[in-house]
Every structure is written in structure tokens, then in C-alpha cells.
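Me: I'm new to this structure and would like a close look at one part of it. Could you pick one helix and walk me through what surrounds it?

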Amino acid sequence: MSAHTSQMDDIRLVAQPSALPVTELFVRLILSDWSLLPMLEQVTSTAKRLVGTVIDAGDPRAPAFVTLRLRLRADVLAVEVDDDVPGLPEPTAGPGERVGVIPGPGGARTTWCELPLPGGMNARQVRLPRRQDRRTLVDEPVSGEPVAADPQVLERLLTRLSGWSDS
């Protein structure tokens with residue numbers, strides 16, 4: 001996998017069938033933000049395939065969590081899925097894809113698939129939205145206080161969703 005990341009977005013889901021439409025919405029939102037809608041069908045298919053593998057192998061009575069991540073680097077868009085479900089099959093590459101697995105501690109793993117950016121683009125040529133600093137990926141302790149949603153994120157999400165309903 002390429003080393004330098006230009007942009008990354010992720011979402012943590014419960015590995016149940018309801019995660020598949022959320023996966024599709026997440027991919028559509030991010031690719032819209034990144035002006036990469038020509039890749040929508042391929043990235044959606046790849047993300048749903050990787051998340052679906054975790055769902056299919058998991059225990060529906062005690063579902064695992066799965067993190068879906070989209071990452072721009074060099075001349076590829078990487079679709080990554082973090083899980084801790086034992087015994088998952090190795091991913092198979094579709095046309096033009098590179099795939100692999102990075103083992104993690106305690107049976108966790110990251111399955112990744114790199115898709116070439118369209119038209120010989122590289123990550124530095126992709127028009128990205130302006131972002132503020134990300135919070136840490138480390139789980140924060142639960143304080144018992146209600147978690148407030150970021151109004152800017154909600155506004156951006158609702159604007160995108162309302163635009164899709166008009167099409």
C-alpha cells in the first residue's frame with residue numbers, strides 16, 4: 001500500500017445487514033465531497049463486498065463492529081475494513097484492484113483494496129473539502145454525558161441527502 005495519505009474518512013458500523021445501505025450512503029457522501037463520483041459504482045461495490053464479508057461471517061446474535069475507511073493516497077483510493085471476526089476468507093481482487101490483509105492484535109485485521117483514481121489522477125489533484133482537525137481514533141471514555149452532534153457535520157449531511165432526493 002502507498003504510504004502518504006492525502007485524505008481519509010471513516011465510519012464505524014455494527015456488522016449487521018443494515019450496515020450495507022449505510023455503507024452505500026457513506027461512500028456516496030465521501031465521493032461527492034471528494035469530487036470522485038465517476039468512481040461511485042466501483043467503490044460502492046467494493047465497500048459493500050468487504051463489509052458484507054464481515055456481516056456474513058459474524059454472529060447475528062452478537063454482532064461485531066466494523067470500521068469502513070476511505071483513504072486517498074498517491075494514485076489510488078483505498079477502501080479499508082477493520083474487523084475482529086475470526087476465520088474470514090482472504091479477499092479476492094476485482095478487475096484493476098489490488099487487495100490485501102494486515103493482521104492486527106488479538107485476531108483483528110484490516111482488509112484493504114486499492115482502486116486506481118480515474119484518468120491518471122493522483123491524490124493531490126483531487127478537489128477536497130476544507131476540513132478541521134480530526135478527533136483521535138482512540139476510543140474516548142464514556143462519561144455518562146450526552147454526546148452532542150457537530151452542527152456543521154449535520155448540516156453538511158442533510159444538505160447532501162436533500163440533494164439526492166431531488167434527483
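Reply: What follows is a tour of one helix, α2, and then of the parts around it.

Keep in mind that this is a predicted model. Let's start with the helix itself. Helix α2 covers residues 40-57, which makes 18 residues. Does its length fit? At 1.5 Å a residue, α2 should span 26 Å, and its end C-alpha atoms are indeed 26 Å apart, so the two values agree.

Now, which residues of α2 are buried? They are L40, V43, T44, T46, A47, L50, V51, G52, V54 and I55. As for what lies over them, the cover includes helix α1 (19-33) along with the strands β2 (65-73), β3 (76-83) and β5 (109-116).

That brings us to the core. In soluble globular proteins, nonpolar side chains tend to be buried together. Here, the largest nonpolar core has 32 residues, and L31, W34, L36, V43, L70, L77 and V79 are the ones with the most contacts inside it. At least two residues of this core come from each of α1, α2, β2, β3 and β5. Our helix, α2, gives the most, with 7 residues.

L77 is a handy place to see these parts meet. Setting aside its neighbours within four places in sequence, L77 is in contact with V43, and its other contacts include L31, W34, L36, M39, L70 and C113. R71 is on the list of contacts of L77 too. R71 sits in strand β2 and is buried, because its relative accessible area is 17%, under the 20% cut-off. The side chain of R71 also makes a polar contact of 3.0 Å with the side chain of E80.

Next, take the other helix in the cover, α1. Its 15 residues should span 21 Å at 1.5 Å a residue, and the end C-alpha atoms are 21 Å apart, so this helix agrees as well. The buried residues of α1 are A19, T23, F26, V27, L29, I30, L31, S32 and D33. Just after α1 comes S35, with a positive phi of about 55°.

Last, have a look at β5, one of the strands covering α2. Strand β5 runs antiparallel to β4 (residues 98-103), and 6 bridges join the two. One of the pairings puts I102 opposite T110 of β5 as its bridge partner. The hairpin of β4 and β5 has 5 residues between the strands, and there G106 takes a positive phi near 65°.

Conventions: Residues are numbered from 1 along each chain as its sequence is written. This is a predicted model: local features need pLDDT of at least 70, side-chain atom pairs count only at pLDDT 80 or more; totals for chains, interfaces and linings use all residues. Side-chain values use heavy atoms; hydrogens and water are left out. Helices (H or I, at least four residues) and strands (E, at least two) are DSSP runs, numbered from the N terminus. The expected span of a helix is 1.5 Å times one less than its number of residues. Buried means under 20% relative accessible area, exposed over 50%, partly exposed in between (1.4 Å probe, protein chains only). Contact means heavy atoms within 4.5 Å. A nonpolar core is a set of buried Ala, Val, Leu, Ile, Met, Phe, Trp, Tyr and Cys residues joined through side-chain atoms within 4.5 Å. A polar contact is a pair of N or O atoms within 3.5 Å; within protein, one must be able to donate a hydrogen and the other to accept it, and residues adjacent in sequence count only if both atoms are side-chain atoms. Two strands pair if DSSP finds at least two bridges between them.
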